Amino acid sequence: MQVELVSPEAVLFSGECSQVVTRTVDGDIAFLDHHAAFIGALDIGQTQLWASDGIVTLALNRGFVEVSNNVVTILSDAAYAADEIDVAAAQADLESAQAAVAADADDDEAKAALAWAQTRIEVAGAS
């Protein structure tokens, strides 16, 4: 199937894949060749693409995924491949978000910042 992964900054991936696994707001979902049509909202999490030259792992910060006619299109608010992640910045963001969550456990923005920092650190470690 053809996969297109786009963020506001760039086209991060365009090519053939045998499988795509990504996180929607309803949980992780996998797409294989000729998957039924699908539209979903993405959550903060990892996306893995099974490309011909290996598995590509990316950190995604929300967006949308659409599957139609054997094409998977992922539009993400922010997305980074493992080798593009600034681990020191992600670690600093993690510490700041942890402090914000500790100060107010009901702060949804702080919880999202915490999840985004954790995801970037996990993806960077997977490279």
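Me: How do you know that the axes of α1 and α2 come within 8 Å, and at what angle do they cross?

Reply: Lines fitted to the C-alpha atoms over the stretch in contact serve as axes, with angles from 0 to 180 degrees between N-to-C directions. For helix α1 (residues 87–103) and helix α2 (residues 108–125) those lines come within 8 Å and cross at roughly 150°. Helices here are DSSP runs (H or I, at least four residues), and strands are E runs of at least two, numbered from the N terminus. This is a predicted model, with pLDDT of at least 70 needed for local features and 80 or more for side-chain atom pairs, while totals for chains, interfaces and linings use all residues. Residues count from 1 along each chain as its sequence is written, and side-chain values use heavy atoms, leaving out hydrogens and water.

Me: Why are α1 and α2 called roughly antiparallel?

Reply: Over 145 degrees counts as roughly antiparallel (under 35 is roughly parallel, 65 to 115 roughly perpendicular, the rest oblique). The crossing is at roughly 150°, so α1 and α2 are roughly antiparallel to each other.

Me: Which residues of α1 and α2 meet?

Reply: Contact means heavy atoms within 4.5 Å. Among them, Leu94 and Val101 are on the α1 side, with Leu114 and Ile121 on the α2 side.

Me: What makes the largest nonpolar core a core?

Reply: The label takes buried Ala, Val, Leu, Ile, Met, Phe, Trp, Tyr and Cys residues joined through side-chain atoms within 4.5 Å; buried is under 20% relative accessible area, exposed over 50%, partly exposed in between (1.4 Å probe, protein chains only). This one has 19 residues, including Val20 and Phe31. Its largest share, 4 residues, comes from β5. A second, separate core of 9 residues includes Ile44 and Ala112.
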